[in-house]
Amino acid sequence: MTGERSDRYAAEVAWTDLLRGIVSIAGEERQLRSVLRQTARLVVAATGADACFVHVVDHDAREVVLMGATPDEFDELAGTIRLAFDEGVAGWVAEHGQPAVIDDKWSDPRYRYIPALRGEDFTSLVSVPLLRPPGVVVGVLNVHAHDVGHFAVDIVARLEEVASLLAGIVEAALLHEQLRVREEQLERFAARTIEMQELDRRRIAGDIHDGISQRLVSAWYHLRAAGSLTTEETISTELGLVDGLLSGALDEARRAITGLRPSILDDLGLTAALHSLAGSAGDFTVELDLQECDLPAHVETSIYRITQEALQNVVKHAGASSVELSLHASEDGGIVLTVGDDGVGFCPSSAAGPLSFGLSGMQERATLLGGNLHVRSGPGEGTTLCMRLPPSVLSGSPDDQLRF
Ligand SMILES: Nc1ncnc2c1ncn2[C@@H]1O[C@H](COP(=O)(O)OP(=O)(O)OP(=O)(O)O)[C@@H](O)[C@H]1O
Ligand SMILES: [Mg+2]
């Protein structure tokens, strides 16, 4: 074999190894981070490049996030480097769904210098989108080399093949990850529900023992006493006491029951129940904008409980003077609930303490209904919770949904 032919042969082998390697990693690995790190290594080996970065697209935030890289020092930055669509070369590729081949990045206006990625060490670069049908970009593969013009046209075409293989793997790994997170949320929710039931049981036992039973025993005692009295006046005094004790016991029983279940939902409906919550919430004004919505009972219960917790948080933490509470149908036919206050605000990313269940419980309730709950807040900026539920909650039969 001539030198040129043997070089070509070696290059073919390297590409075949790369494709085989990716397929075998995908078969063995479920974790997205690990798949991407190993793929980046194989790409560098096959292309003779010096670094490879694999970004995953976060469609909600319209950002690309670095999730795997080689050399290892860059891989350690996974999850910390985010670029908006159209920011940097990877952002441009995510936005346009087309590859970018750059011989000298310093003369390309799309390039953005990120000190942690040591851009000064590399000059040429190829960036290809990871595309899934029908043209959805799920990630971006960036390959960098020290020298100018390292990447020949045929390398780019091959990287596109690699990218299309990787796109399916990334999509599957992301779905797997979403499933795992959802399963964890379900488990946490189930554990929390059992814990709350246990608390409720203890509370009811306490209410019955300390309140209702005591009053019944006293009433019984006074009734017996009345039986042995002879004058009408003393009998009626005893019966008056019994009357007071029994109506007290009845009040206690009602309180114990209403603490368990928002019976107001059955009596008056969701809108009136939210009016009533707002009216008794605390020392601030509540502006209401509530649209009548015909919702399944379990969805109403979740909306009621989330609003209740949100208002309790305003009372406990916000020091707010006014709150806006709105519930209405969204443009896509779903439901949007918003609770906003003008209080002290907080930093949502550092709020979840081990003894705080309110926000995570609200989030879990929203997720279990197929929706999401976002918290927008910052010190001195007030707090707004926004829960969005999909149109399917309107038609969902309570029998095939989780009830809580
Ligand atoms: N409306 C708000 N204004 C200011 N800070 C808030 C608000 N809502 C929540 N927070 C902050 O977020 C933290 C977490 O809230 P979360 O409801 O999860 O827990 P909690 O209210 O402290 O306890 P609980 O488990 O009883 O609800 C709070 O401790 C508080 O610091
Ligand atoms: Mg709370």
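In this predicted model, the lining of the largest cavity draws at least two residues from each of β1, α4 (88-96) and β6. Among these elements, α4 gives the largest share, three residues. The cavity has a volume of about 190 Å³, and 16 residues line it. Those nearest its centre are Y111, R112, L117, N142 and H144. By class, the lining divides into nine nonpolar, five polar and two charged residues. The count of cavities of 30 Å³ or more comes to one.

The second largest pocket is an open space with a volume of about 1300 Å³. Its lining is made up of 34 residues, and D60, L174, E177, Q178 and V181 are the closest to its centre. Which element gives the most to this lining? It is α5, with eleven residues. At least two residues each also come from α2 (32-47), β1 (51-58), β2 (63-70), β6 (136-145), α10 (358-368) and β10 (372-377). The lining has twelve nonpolar, eleven polar and eleven charged residues.

Where does the second largest pocket lie with respect to the domains? Residues of its lining come from both domain 1 (3-172) and domain 3 (266-400), so the pocket lies between these two domains.

The table sets out the class make-up of the two linings.

| Space | Nonpolar | Polar | Charged |
|---|---|---|---|
| Largest cavity | nine residues | five residues | two residues |
| Second largest pocket | twelve residues | eleven residues | eleven residues |

Definitions and conventions:
Residues numbered from 1 in each chain as written. Chains lettered and ligands numbered in written order. Predicted model: local features only at pLDDT ≥ 70, side-chain atom pairs only at ≥ 80, totals over all residues. Heavy atoms only, no water. 1 Å grid on protein atoms, 1.4 Å probe; cavity = no way out; pocket = protein on both sides within 12 Å on 5 of 7 lines; lining within 4 Å. Points joined across faces, edges and corners; volume = space filled by probe spheres on them. Helix = DSSP H or I, 4+ residues; strand = E, 2+ residues; numbered from the N terminus. Nonpolar A, V, L, I, M, F, W, Y, C, P; charged D, E, K, R; others polar. Domains from an automatic or database assignment.
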